Amino acid sequence: MKKRILSIVLMFCMAVAFMPQNFKVNAASDETAWFPAPTLNLSQIAYESASHDNKNAIDIIPGGNVFAPFTGEIVYRDPHWGYVILQSKNKVHYADGKTFAHMAVAFMHDSDISDLPVGKKIEQGTPFYQAGGQGKKYNEVTKTYYYTPDAYGEHVDISVFRGEFGKDFKEDDFKDDLGNGNVIAYDAFIVNTDRTTSICKKGKMKNGNILIKGGKNFTNGKTDWELLWEASSNSGTPTTPTASTLDISKNNPPPSTLTYGKTFSINGKVSSNYNITSLTVRVVNTEGKLLTSKTVAPNAKSYSIANLDQYITFDKLPRGSYRYQVIARDASSTSKTLVNSGFNVGSGSVASTPTSKPTSIGTSGTPTSAVTKKGIDVSHSNGIVDWAKVKAAGIDFAIIRCGYGDNISSQDDRQFEKNVKGCIDNKIPYAIYFYSYAKNSTGNESVDSEIAHAKRLLKGKNPFCVYYDMEESNTTYLGKSTLTNYAVKFCKALKSSGYTVGIYANTNWFNNYLDSSKLYNCGYSLWVADYRGYCGYTNTSYDIWQYSYTSSCNGVNGNVDMNIMYNEPSKMPAPKPTIKPTLKPTLKPTLKPTLKPTSKPTSKPTSTPTLKPTSTPTLKPTLKPTSTPTLKPTSTPTQNNPVKINVTYQAYDITLKKWLPNVTNTQDYAGIYGNCITGIYANLSSGNITYKVHYKGGSWLPAVTNRSDYAGILSKPIDGLMMTTNTGRTIHYQVHLKNSNRWLPYVTGYNEKDSNNGYAGVLGKEIDAVRIYMD
């Protein structure tokens, strides 16, 4: 790539020549590309060390919503990175003063791009994108990568392409190296001071091979981005944005215990000195899974959350432990969790391993016997799958994503063909699912386009079922009738091509956004997602239950979705086994899997049950297991075989100023290496856990039990941790020291005077990660 080597005089003159004092919106056919943020604040530049060492992208802290640098259209998206490419509608003027050509700009890390489908048109200056931390993160324990909204601190990565997508540059030019364009951003954008109204930090630049940062002397102590600002500004004096006052008042979170089936009214006033751009009220379980929520964009400086009360359905929560959260963002790009309050519904614990599902629903609600099989569903986000290892792990079937949305090749799943071939080569029966974000019946973002897309990808394939994946939150406004009609239209079209068809959705969607009885009566297979430890969908029978999104399977890197199949989807009803419902399974791991879980679990699935009824059914299931499962069955708990107790915990990261996602047992650790932990929450699936922390330079703080409160002071780094339970089991916990390459040994005691086994940590040494499990 040609590097910019210009004298500061030439650079300054050129900036003045091509940047008028006050910018006005040009006609769409004669636009100049604008720097696309309210604040000129570059946190990292082209070719800077670390993540930009070999990249010409810039990172910005936008100070509000990012706006379109020109009039254009979304031509590419990758939700795993929050990555979209906006292509100019016409040729635009570049800031180098020479180039008049099409431009495409890639934006990366927004955690929610569901409202930015391919084909969406955006006018110059229209806010459309937000700072975020979406991306890939490395798990030091499992040595695998996974995608998360918390991979980075909130910012926007911007890279620029000269030309048109699909003509002058293609997906292969960037898909394996996001963050690289073919133009340096400084040569692309002018600063429109009507829209970019402040400069928060001194800019950074790359001049030849010398990295110039703000504060380092370069012509009169100023960098190119500062000169760019001054050339575009009347005064030449940078302004500093006022700090955000985003907060909540008159908040009334739920009481510590709510009666099962009873509702609760929320209230509170969120306010800021900037417009509030996004406000979310939600309830999550102890695994961080969303149960009920509502997000709005007030675009005002205050908002009453009582307006969202009707959307937060406390009365529909099953018994268990939850957190009520209020999260807001304002136009200064400040994002805060304003409320994070724990509460319980009813009494007792929530099941955690799959339970039997009735093949038909009776008034008693008692499940009948059902032959069960275990399966995984995968997409390109799971990376390259080793299907031989998957088969050896005892997986009976797989469901593979083929693509999503409109019939555009960039929206084909990148691993689809490889995954299908892997299943065929290893004789694993497979189904296919297609993710929908249709908002219309015909045209762009339509069911018709999705039907064409699915049929194109299905040519030559022989899945046992094709599922229409309906979960796109940005389409719920269409209502139950329209969404159901879309599902029927898709299924009819695929069924007419000879495929067995079905619908995938979670319990909430089947209950509130789809007419599940109509879909069932049409003969479509239903695949239900519900991660509460049991399947709460009871309107009709269903064939497959997706009970976990954080399971593990040999051959798949990181977390994977796990499923139980009760009936094989087919054009004819699946044979029913002759086992009487009253028979209980015995433990014979050598038998092949006509499987049935024995009981409702107590928290989250830790393994797929492989129990077999004592009698052999006279009819074999239509989908034969590919191998004898390697997982041993879990027996009915006895004194010699106790129920597993799971520990769920999370940490507060003082650097990111937020609570990190929940972790269960040692599937991961809580924390980010290098970032101090200042608070800890923990609870058990059964029983009570008591814990306390020591903060650096201070003392041991009072103990807390379960999630009645968190342990710690959020402004004080933790350097010691003690834990105990009332279960009679041994709890094991360990910590990782900041700026260290080692975990300290596990400890099991609870004694602040015993530095060997009474607490985890070295007083005076900050902790950045914890791991916990029970015997």
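The following exercises, each with a worked solution, concern a predicted model of a protein.

Residues are numbered from 1 along each chain as its sequence is written, and side-chain values use heavy atoms, with hydrogens and water left out. Because the model is predicted, local features need pLDDT of at least 70 and side-chain atom pairs count only at pLDDT 80 or more, while totals for chains, interfaces and linings use all residues.

**Exercise 1. The protein as a whole**

Describe the secondary structure, burial, contacts and confidence of the protein.

Step 1. The protein has 8 helices and 45 strands; these are DSSP runs, helices being H or I of at least four residues and strands E of at least two, numbered from the N terminus.

Step 2. Of the 775 residues, 55% are buried. Buried stands for under 20% relative accessible area, exposed for over 50%, and partly exposed for what lies in between, with a 1.4 Å probe and protein chains only.

Step 3. The accessible surface is about 32500 Å², and carbon and sulfur atoms supply 49% of that area. Such areas come from the Shrake-Rupley method with a 1.4 Å probe; for residues, only the protein chains shown count as cover.

Step 4. Among contacts with a separation of 6 or more, 66% link residues 24 or more positions apart; a contact means heavy atoms within 4.5 Å.

Step 5. Mean pLDDT is 76, and 75% of the residues reach 70 or more; pLDDT is the predictor's confidence in each residue, from 0 to 100. Over residues 1-28 the value is below 50, and this stretch has 59 contacts in the model beyond near neighbours in sequence. Residues 201-221 also stay under 50, with 54 contacts beyond four places in sequence.

**Exercise 2. Helix α4**

Determine which residues of helix α4 (residues 416-425) are buried and how they are arranged about the axis.

Step 1. The buried residues are Phe 416, Asn 419, Val 420, Gly 422 and Cys 423.

Step 2. Viewed down the axis of α4, these buried residues fall within an arc of 160°, so they line one face of the helix. The arc is that of the directions from the helix axis to the C-beta atoms.

Step 3. The general principle is that an α-helix has 3.6 residues a turn, so residues three or four places apart point the same way.

Step 4. On the face turned away from the buried side, α4 carries the exposed residues Lys 418 and Lys 421.

Step 5. The cover over the buried residues of α4 includes β26 (373-378), α3 (387-392), β27 (397-404), β28 (430-435) and α5 (447-458).

**Exercise 3. Helix α6**

Compare the expected span of helix α6 (residues 480-496) with its end-to-end distance, then identify its cover.

Step 1. The expected span is 1.5 Å times one less than the number of residues. For the 17 residues of α6 this gives 24 Å, and the end C-alpha atoms are 24 Å apart, which agrees.

Step 2. Buried residues of α6 include Leu 483, Tyr 486, Val 488, Phe 490 and Leu 494.

Step 3. Elements covering the buried residues of α6 include β28, α5, β29 (466-469), β30 (501-506), α7 (507-512) and α8 (516-521).

Step 4. Just after α6, Gly 498 takes a positive phi of about 100°.

**Exercise 4. Positive phi outside glycine**

Locate Lys 250, Asn 299 and Lys 427, and state the phi of each.

Step 1. As background, most residues other than glycine have a negative phi.

Step 2. Lys 250 has a positive phi of about 55°. Lys 250 lies in the loop between β19 (247-249) and β20 (257-258) and is exposed, at 76% relative accessibility.

Step 3. Asn 299 has a positive phi near 50°, in the loop between β22 (290-296) and β23 (300-304).

Step 4. Lys 427 follows α4 and has a positive phi near 55°.

**Exercise 5. Surroundings of two polar residues**

Establish the accessibility and the partners of Asn 675 and Lys 336.

Step 1. Asn 675 is in the loop between β39 (670-671) and β40 (677-684) and is buried, with a relative accessible area of 15%.

Step 2. The side chains of Asn 675 and Asp 653 form a polar contact of 3.0 Å. A polar contact is a pair of N or O atoms within 3.5 Å; within protein, one must be able to donate a hydrogen and the other to accept it, and residues adjacent in sequence count only if both atoms are side-chain atoms.

Step 3. Beyond four places in sequence, Asn 675 is in contact with Asp 653, Thr 655, Leu 656, Ile 767 and Asp 768.

Step 4. Lys 336, in strand β25 (residues 335-345), is partly exposed, with a relative accessible area of 35%. The side chain of Lys 336 reaches the backbone oxygen of Leu 246 at 3.0 Å.
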